[in-house]
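Biologist: Hi! Could you walk me through this one while I have it open?
Modeller: Happy to, let me bring it up.
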Amino acid sequence: MEIKYIEKVAQMNSGKNLKYAIFTMGCQLNENDSERICGMLEEMNYKKAEKVGDANIVVFNTCCVRENAEDRLFGKLGEMKRLKEAKGTIIAIGGCMMQEKVMVEKINNSYPYVDVIFGTHTLHKLPEDIYRVLINSKRVEDIIDIDGEIIEGFPIKRNDNIKASVTIMNGCNNFCTYCIVPYVRGRERSRNPQDIIDEVQDLANKGYKEITLLGQNVNSYLVSKKINQENISYNVVISNKNNVGNCNNQNYESIKEKECERLTVNSFATLLRAINRIDGIERIRFISPHPKDFTDDVIDAIRDCDKVCKLIHLPLQSGSTEILNKMNRKYTKEQYLNLAKKIKEKIPEVAFSTDIIVGFPGETEEDFEDTIDVVNQVKFEQIFMFIYSIRIGTPAEKMENQVLETIKHERFDRLKKLYEELVAERNKEYVSTVQKILVEGKSKTNSNVLTGRTESNKVINFEGSDELIGKVIKLKIVSEHMWYLKGEKI
Ligand code: SAH
Ligand code: SF4
Ligand code: F3S
């Protein structure tokens, strides 16, 4: 973290009433990176613009996991030309897409008014890049292919004051054959557990109620460290009386025993157990685990930790063993079903959500029916469905038997119909039950209505007063409306 560049830019910008705008594409990891970008921009004396037209700097944080993300970026970039001409707005583009050489070339060739191009490994250098643009008025390209170190101490401007994301690891080692992420985010690097716990503790002290632990493969947290350094384990310290001085390793000895708790973290399961001990946090979620790494210790930790939501995102991708093999997912249809069954046996109230790709190369009607079969058996609470999108440089790009677009869409529509039927069926089961919900705020469409979510991530709308925001309350579900349920106070 180059604090000195943040300070230099802040000084240059001081008193100028400058504004920023940011566009974020992609997953929650990118959203979390954008919160850091906003944190840095605010420390450099930029304030959030009400509308893009007012911005003196516009940052794009890009995604490249599927093709439609690219179309969106180039559409938006086209609109930036006028802004640049009108008021000299600085245009910066970062994120996953900028780790692809072809994309950087395209920007260099077709969008010469872009000032800064930065990558996923150089996020922390954005202040220096902006400084160089301000000083030289020359474009800066700051992308490296080497895995970035874990950087701590970023300023952060969070989007919400009840729910927060905490990235626990960067990168991915799995190389699913369709996926670009390992190429643009590098290998797995886990954050030190004490840094994670301190961040969650800080969020708890600030009144946050729900945290989501983020990583491309959260249940291999610390695994790659173990391979390199043999059975690594960390003694972490948790202060359970909110704000008992600095309850960290350095001055732990000087703090009274009863105010701190020392735990060992050496895996994802032990991290969950440690975070579950932090006072103030009411809900813990995590995405995404990989079915192949879903060990018993993780299941037991989810069962034992009262704050861990009993909704598990278990990405299926396909229900066909043959396609799963071609995808390099390292589990079969049966293994996936057995895992879901085992989890359900240990945690009867559990619900599952999932990601599914339709139309992977070579997917036959029979393969697709295997996917349908798993969906019918597991009865997912939520399904994120994607049409397979060719990613240049991945093994699946070169595979024969790419599925026709018309067939992909037809299968997608069939899956969507089944999903909607499952949602409607589940919704009926909710009616007349009592649910615990975390009240998140006012409804966007009706200011008399509050909105919140169940542990299983169902949106519940109800009438209530503002002081309930941020609280976990019990509601009776009175009616269902496809994508939300209506509740009443009891
Ligand atoms: N690491 C996470 C997900 C990362 S990307 C995991 O493994 O679950 C989010 C989702 O995008 C994936 O789960 C997958 O369903 C989808 N996806 C990734 N690459 C894709 C591609 N080339 N075409 C269509 N969907 C894709
Ligand atoms: Fe992509 Fe697979 Fe890694 Fe998820 S686990 S990010 S799908 S390579
Ligand atoms: Fe997209 Fe990068 Fe996330 S490619 S899905 S923003 S890791």
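Modeller: Keep in mind that this is a predicted model. Let's begin with Asp33, which is buried, at a relative accessible area of 14%.
Biologist: Where does Asp33 lie?
Modeller: In helix α2, residues 28–43.
Biologist: And what is Asp33 in contact with, leaving aside neighbours within four places in sequence?
Modeller: Asn61, Leu123 and Arg185. You'll meet Arg185 again around ligand 3.
Biologist: Oh nice, which residues surround ligand 3?
Modeller: Besides Arg185, the list has Gly26, Cys27, Asn30, Cys63, Cys64, Val65, Cys96 and Gln216. By class, that shell has five nonpolar, three polar and one charged residues.
Biologist: Switching to the cores: how many residues has the largest nonpolar one?
Modeller: It has 77, and Leu213, Phe268 and Ile343 have the most contacts inside it. Another core, of 29 residues, lies apart from it, with Ala49, Met103, Tyr113 and Val184 among its members.
Biologist: What does Ile343 touch, not counting residues up to four places away?
Modeller: Phe294, Ile299, Ile312, Leu314, Val350 and Phe352. Ile299 is one of the buried residues of helix α10 (residues 296–304), along with Val298, Asp300, Ala301 and Ile302.
Biologist: What do the buried residues of α10 pack against?
Modeller: Two helices, α9 (268–276) and α12 (333–346), and two strands, β13 (283–287) and β14 (311–313).
Biologist: Any odd backbone geometry around there?
Modeller: Yes, the peptide bond from Ile287 to Ser288 is cis, with omega near -10°. Ser288 sits in the loop between β13 and α10. There is also Asn328, in the loop between α11 (321–327) and α12, whose phi is positive, near 65°.
Biologist: Is Asn328 buried or exposed?
Modeller: In between: Asn328 counts as partly exposed because its relative accessible area is 25%, while the cut-off for buried is under 20%. Asn401 has a positive phi too, near 60°, and is exposed at 59%. Look for Asn401 in the loop between β16 (382–387) and α14.
Biologist: Last topic, the barrel. Which strands does the closed barrel run through?
Modeller: The order is β17-β18-β19-β21-β20, with mixed pairing. From one strand to the next, the twist averages 50°. Helix α14 (residues 405–430) packs on this sheet and touches β17, β18, β20 and β21, with its direction at about 125° to that of β20.
Biologist: How do β19 and β21 pair?
Modeller: In the parallel sense, over two bridges. For a spot to click on, Asn461 has Lys486 in β21 as its bridge partner.

Key: Residues numbered from 1 in each chain as written. Chains lettered and ligands numbered in written order. Predicted model: local features only at pLDDT ≥ 70, side-chain atom pairs only at ≥ 80, totals over all residues. Heavy atoms only, no water. Near = heavy atom within 4 Å. Nonpolar A, V, L, I, M, F, W, Y, C, P; charged D, E, K, R; others polar. Core = buried A, V, L, I, M, F, W, Y, C linked by side-chain atoms within 4.5 Å. Buried < 20%, exposed > 50% of the residue type's maximum accessible area, 1.4 Å probe, protein only. Contact = heavy atoms within 4.5 Å. Pairing = 2+ DSSP bridges. Helix = DSSP H or I, 4+ residues; strand = E, 2+ residues; numbered from the N terminus. Axes fitted to C-alpha atoms, helices over the stretch in contact; angles between N-to-C directions.
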